[in-house]
Amino acid sequence: MSADCIEKNVVLQASLSRVWKAVADSAEFGKWFGVKFAGPFVAGESLKGTMIGTTVDPNVAEQQKPYEDTPFDIWVERVEPEQVFAFRWHPYELEEGADASQQPTTLVTFTLAEVSDGVSLTITECGFDKVPLEKRAKAFASNSEGWNIQATMIEKYLADHAG
């Protein structure tokens with residue numbers, strides 16, 4: 001991977017349809033990720049959300065606490081059942097009063113594939129080369145660590161919510 005993209009992969013012990021629901025259902029996504037969305041994920045539409053903290057791990061929820069009630073807006077790019085879910089977002093905190101529509105976004109893609117021991121979930125985030133230089137390294141490092149944590153959160157979520 002280049003300095004433009006982050007890639008994480010985890011093999012999940014669940015069916016393809018179960019992993020898909022955890023990724024592409026906004027209510028389920030919100031539980032493990034730590035955000036409450038105002039509606040479903042629909043390709044081509046923006047969606048407002050609010051950070052609330054994960055329900056999966058109390059230690060991670062505590063780390064997310066300073067961000068509670070922070071707006072979490074995304075633009076859904078792709079919803080291809082049981083294959084790909086992708087959205088755009090701002091990969092770093094915007095300054096107060098900044099025009100969000102003028103700020104660069106990155107593309108987050110969840111790709112699912114059945115493998116012999118479960119479902120391979122690959123999470124990529126690309127577009128850091130468009131982030132202003134003064135924010136790029138911090139955003140990349142922060143999000144890289146964040147995706148490590150989120151890969152663990154979805155794994156724990158599926159272990160606790162198998163059905």
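1. The structure, which is a predicted model, holds 1 disulfide. Its partners are Cys-5 and Cys-126, whose sulfur atoms lie 2.1 Å apart.

2. As to the placement of this bond, Cys-5 belongs to strand 1 (residues 5-12) and Cys-126 to strand 8 (residues 118-126), so the disulfide ties together parts that are 121 residues apart in sequence.

3. The geometry of the bond also deserves a remark. The torsion about the S-S bond of Cys-5 and Cys-126 is about 120°, and the disulfide is therefore right-handed.

4. The two cysteines may also be described by accessibility. Cys-5 has a relative accessibility of 11% and counts as buried, because buried means under 20% relative accessible area. Cys-126, at 24% relative accessibility, counts as partly exposed.

5. A further point concerns the largest pocket, which contains about 1200 Å³ of space. Its lining is made up of 29 residues, and those closest to the pocket centre are Tyr-67, Pro-91, Tyr-92, Glu-93 and Asn-143.

6. Two elements, helix 3 (58-64) and helix 4 (133-160), each give two or more residues to the lining of the largest pocket. The largest share comes from helix 4, with 10 residues.

7. The chemical character of the lining can be stated by class. In the largest pocket, 15 lining residues are nonpolar, 8 are polar and 6 are charged.

Notes:
Residues are numbered from 1 along each chain as its sequence is written. This is a predicted model: local features need pLDDT of at least 70, side-chain atom pairs count only at pLDDT 80 or more; totals for chains, interfaces and linings use all residues. Side-chain values use heavy atoms; hydrogens and water are left out. On a 1 Å grid over the protein atoms alone, a cavity is a set of points where a 1.4 Å probe fits but cannot get out, and a pocket is an open set with protein on both sides within 12 Å along at least five of seven lines; lining residues have an atom within 4 Å of a point. Grid points are joined across faces, edges and corners, and a volume is the space filled by probe spheres set on the points. Helices (H or I, at least four residues) and strands (E, at least two) are DSSP runs, numbered from the N terminus. Ala, Val, Leu, Ile, Met, Phe, Trp, Tyr, Cys and Pro count as nonpolar, Asp, Glu, Lys and Arg as charged, and the others, Gly among them, as polar. A disulfide is a pair of cysteine sulfur atoms within 2.5 Å. Buried means under 20% relative accessible area, exposed over 50%, partly exposed in between (1.4 Å probe, protein chains only).
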